[in-house]
Amino acid sequence: YRLLLANTHFKPAEIIWVLQQFNRAQIDLAAGQLRETLWVRERELNVAEKNYRAMIREKTGAFFRFAGEAGAFLARGRAERSVAALSNLCEQIGILFQMIDDYRDVFGGADYGKPALQDIREAKRTAIFIHTRTAIGPLQRRQLDRLFLQSSRTEPEVAWIAERMEAGGARRAQARKALALKAAILKSLERLPGVKSAAQPYAEALRHLVSGIATGLDVSAPS
């Protein structure tokens, strides 16, 4: 807020538009976070992957979207085509970021920079959980459901869940989905307005961002 208000290059109407989009992103983030929290509180286990995607689009995609549309709006004089293109593209980058964050929580190891298996401890309904629940047999599924409905899980129980996620092929399945989304994003990036001209350095920065996000994915694990 302070940076925008202190910048004399932007008109009041432009500042208002950017702040409106920022407020929209905050509302979307809160909605996504609430949806994720309610799945746990209301003991919901049958979460469809399309609902998971909708949740992370709100929870994480919203602020990536805002960064893209606000930058395009302020840099290119409110060119509607550019704003819409960057908005959609950056929202997809946010979705990719969250998919890989969930992946690394289980399969990233101790070098990822934050405690491993935290999503399991918190019983989050991630795509890893959704895949595993459909991939394992009925006896293990009942055990998985029981553990996810508990108020907390012991470390041996967390380890058991992680083993089921590995054995159920979640590592390879989610890596393949993330890499497919990465490829789609990079393809969309080539179609951005102005990408071959003055915007080329920014497009290259986005390519590096996407490539940096989508590292360490293992598609060789058995499915």
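In this predicted model, A123 is found in the loop that runs between helix α5, residues 118-121, and helix α6, residues 127-135. The backbone of A123 has a positive phi of about 55°, although A123 is not a glycine. The relative accessible area of A123 is 1%, and because this value falls under 20%, A123 is classed as buried.

A positive phi in a residue other than glycine also occurs at R43, where the angle is near 60°. R43 is found in the loop between α2, which covers residues 12-41, and α3, which covers residues 49-75.

The two helices on either side of that loop approach one another, for the axes of α2 and α3 come within 8 Å and cross at roughly 165°. Since an angle over 145 degrees counts as roughly antiparallel, α2 is therefore roughly antiparallel to α3. The crossing of these two helices, α2 and α3, is left-handed. When the residues in the contact of α2 with α3 are sorted by class, 16 are nonpolar, 5 are polar and 9 are charged.

Further along the chain, D105 lies in helix α4, which is made up of residues 80-107. With a relative accessible area of 1%, D105 is a buried residue, as this value is under the 20% cut-off used for that class. A polar atom of the D105 side chain lies 3.0 Å from the backbone nitrogen of D119, and this distance is within the 3.5 Å limit that applies to a polar contact. When residues up to four places away in sequence are not counted, D105 touches K114, P115, A116, L117, Q118, D119 and I120. D119, the residue whose backbone nitrogen faces the D105 side chain at 3.0 Å, is thus one of the residues that D105 touches, and D119 falls within the span of α5, residues 118-121.

The loop between α8, residues 155-167, and α9, residues 170-190, contains G169. For G169 the relative accessible area is 0%, and the residue is accordingly buried. The C-alpha atom of G169 is separated by 9.3 Å from that of I128, although G169 and I128 are 41 residues apart along the chain. I128 itself falls within the span of helix α6, residues 127-135, so that the separation of 9.3 Å relates G169, in the loop between α8 and α9, to a residue of α6.

Note on methods
Residues are numbered from 1 along each chain as its sequence is written. This is a predicted model: local features need pLDDT of at least 70, side-chain atom pairs count only at pLDDT 80 or more; totals for chains, interfaces and linings use all residues. Side-chain values use heavy atoms; hydrogens and water are left out. Helices (H or I, at least four residues) and strands (E, at least two) are DSSP runs, numbered from the N terminus. Buried means under 20% relative accessible area, exposed over 50%, partly exposed in between (1.4 Å probe, protein chains only). A polar contact is a pair of N or O atoms within 3.5 Å; within protein, one must be able to donate a hydrogen and the other to accept it, and residues adjacent in sequence count only if both atoms are side-chain atoms. Contact means heavy atoms within 4.5 Å. Axes are lines fitted to C-alpha atoms, for helices over the stretch in contact, and angles run from 0 to 180 degrees between N-to-C directions. Angles under 35 degrees count as roughly parallel, over 145 as roughly antiparallel, 65 to 115 as roughly perpendicular and the rest as oblique. A crossing is left-handed if the near helix is turned anticlockwise from the far one by less than a right angle, and right-handed if clockwise. Ala, Val, Leu, Ile, Met, Phe, Trp, Tyr, Cys and Pro count as nonpolar, Asp, Glu, Lys and Arg as charged, and the others, Gly among them, as polar.
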